[in-house]
Amino acid sequence: MKHLLVLGAGTAGTMVVNRLRRQLDKAQWKITVVDPQATHYYQPGFLFIPFGIYQEKDVVKPKSAFIPSGVELIAASVDRVEPEHNQVKLTDGRTLPYDFLVIATGAQTRPDQTPGLLDGEWYKSIYDFYTLDGAVALGDKLRNWQGGRLVVNVVENPIKCPVAPLEFLMLADWFFHEKGIRDRVELIYATPLSGAFTKPIAAQKLGHLLEEKNIKVVPDFMVEHVEAEAKKLISYDEQEVAYDLLVSVPLNMGDAAMARSGLGDELNYVPVDKHTFVSPKYANIFVLGDAAAVPTSKAGSVAHFAVDCFADNFLDYVAGKEMHTSFDGHANCFIESGFGKGLLVDFNYETEPLPGCYPLPGVGPFTLLEESKINHWGKLMFRPIYWNILLKGRKMPLPAHMSMAGKVQ
Ligand SMILES: Cc1cc2nc3c(=O)[nH]c(=O)nc-3n(C[C@H](O)[C@H](O)[C@H](O)COP(=O)(O)OP(=O)(O)OC[C@H]3O[C@@H](n4cnc5c(N)ncnc54)[C@H](O)[C@@H]3O)c2cc1C
């Protein structure tokens with residue numbers, strides 16, 4: 001009997017065990033997944049909680065509901081991987097041997113890494129929305145906030161869903177309009193990037209949209225510390241940004257167990273081949289989802305397309321055959337822009353987000369890099385699709401690889 005061990009039962013780990021339990025012979029393969037958290041979070045839904053659009057109940061379900069029969073779920077935390085011995089040590093002292101290992105331990109926010117963020121003002125005048133607790137606390141704050149200078153600051157890239165801070169600002173613009181206090185709120189985006197987004201065409205489109213909405217961008221802002229009492233962000237080159245309310249996207253890092261295992265880079269992400277997800281050091285270790293150091297977005301859509309490619313290849317790989325599918329870095333993401341509208345971006349390692357329509361040329365129905373109501377509905381539809389189709393490893397009628405059909409160059 002061979003043993004496939006999966007670390008992390010989040011988006012990627014759950015999809016992997018569902019896909020592979022169907023594909024692998026039960027008489028020959030045992031599958032185990034390890035995760036200390038009993039709750040699965042629909043993280044894209046955190047964005048809507050501060051504005052009262054979603055509640056906590058909309059984004060949580062028990063993890064066990066998504067683990068198929070024939071897969072053992074161990075509620076424990078990984079202490080370290082010992083790749084030389086093909087085994088994983090858990091923090092409770094247990095040891096799990098494996099033949100093949102999938103690391104899917106994701107990325108977490110680390111406010112402790114920026115001096116001042118946690119100094120007494122956390123969840124008083126400094127909030128985050130990348131965690132459920134943060135999103136709920138920020139919702140409570142915004143409900144009665146009477147206005148002032150609201151600054152969204154990204155500490156450093158890469159972050160999960162790099163468009164989420166922009167979405168937050170555009171939803172905030174809508175929210176304060178609806179409350180009738182938009183003229184009393186200044187919206188500022190302090191970002192380490194030189195514009196609103198990384199890729200040139202998207203940066204230009206999104207930059208214009210922010211300008212139209214009177215959201216000011218402070219580019220090239222690398223925060224060094226926060227003066228929580230004085231309510232100021234201070235950058236490495238000694239620029240200052242003052243705020244009344246700070247919404248921080250703290251440093252995102254991979255799990256510390258990867259550093260303890262000697263597998264992680266300086267941010268604890270694990271280097272892998274960007275087309276096959278195989279570790280360059282260990283031929284029986286794969287890394288999927290946000291935990292992987294690959295040059296595409298850290299996003300659920302990427303995890304989904306990546307798992308599609310990985311699952312297609314795995315049977316060939318364990319049979320010693322060549323892998324026939326190569327992941328292209330495909331990512332797509334709806335971008336909420338407020339007032340019931342949204343945009344969509346679709347790109348990969350080689351092709352930046354382009355205008356056009358998706359998925360059908362000339363038909364859409366979704367518009368690329370262009371605001372539309374249907375994109376907003378697409379974003380909202382994503383939640384039932386996530387719970388009922390994607391997590392359960394069911395196939396979507398969309399190819400894992402990016403297509404140029406419908407894109408305008
Ligand atoms: C605010 C926000 C908005 C987002 N919006 C979008 C969006 O619109 N579209 C999109 O595609 N993506 C979006 N994302 C990103 C998306 O949620 C993530 O990219 C996706 O969940 C990554 O999946 P993952 O499996 O790699 O990590 P996760 O789903 O985070 O799972 C990692 C799992 O590993 C477990 N784990 C960690 N350490 C250990 C350990 N030591 N031992 C055992 N288990 C461990 C954790 O408990 C967790 O269950 C958003 C994220 C946020 C925060």
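**Interface of domains 2 and 3, and the nonpolar cores**

The side chains of Glu167 and Lys379 form a salt bridge, with an N to O distance of 2.8 Å. The model is predicted. The domain assignment places Glu167 in domain 2 (111-251) and Lys379 in domain 3 (331-390). Across the interface of these two domains, the rule finds 2 salt bridges. Residue pairs in polar contact between domain 2 and domain 3 number 4, counting pairs with both residues at pLDDT 80 or more. On the domain 2 side, the elements that give two or more residues to the surface touching domain 3 are α3 (164-179) and α4 (200-212).

The contact involves 17 residues of domain 2 and 18 residues of domain 3. About 1,500 Å² is buried between the two domains, and carbon and sulfur atoms give 72% of this area. Glu167, Trp174 and Ile201 supply 32% of the area that domain 2 buries against domain 3, more than any other three residues. The domain centres, taken over C-alpha atoms, are separated by 24 Å.

The remaining assigned unit, domain 1, is made of two segments, 2-109 and 253-318.

Nonpolar packing was examined next. In soluble globular proteins, nonpolar side chains tend to be buried together. The largest nonpolar core here holds 118 residues. Leu4, Phe129, Leu142, Leu150, Phe168 and Phe176 touch the most other members. Another core, of 20 residues, lies apart from the largest one; Leu117, Ile126, Val226 and Val241 are among its members. Beyond its neighbours within four places in sequence, Phe176 is in contact with Leu142, Trp145, Leu150, Ile181, Arg182, Val185 and Leu187.

Conventions: Residues are numbered from 1 along each chain as its sequence is written. This is a predicted model: local features need pLDDT of at least 70, side-chain atom pairs count only at pLDDT 80 or more; totals for chains, interfaces and linings use all residues. Side-chain values use heavy atoms; hydrogens and water are left out. A nonpolar core is a set of buried Ala, Val, Leu, Ile, Met, Phe, Trp, Tyr and Cys residues joined through side-chain atoms within 4.5 Å. Buried means under 20% relative accessible area, exposed over 50%, partly exposed in between (1.4 Å probe, protein chains only). Contact means heavy atoms within 4.5 Å. Domain bounds come from an automatic or database domain assignment. Buried area is the accessible area (1.4 Å probe) that two parts lose on being put together, summed over both. A salt bridge is a side-chain nitrogen of Lys or Arg within 4 Å of a carboxyl oxygen of Asp or Glu. A polar contact is a pair of N or O atoms within 3.5 Å; within protein, one must be able to donate a hydrogen and the other to accept it, and residues adjacent in sequence count only if both atoms are side-chain atoms. Helices (H or I, at least four residues) and strands (E, at least two) are DSSP runs, numbered from the N terminus.
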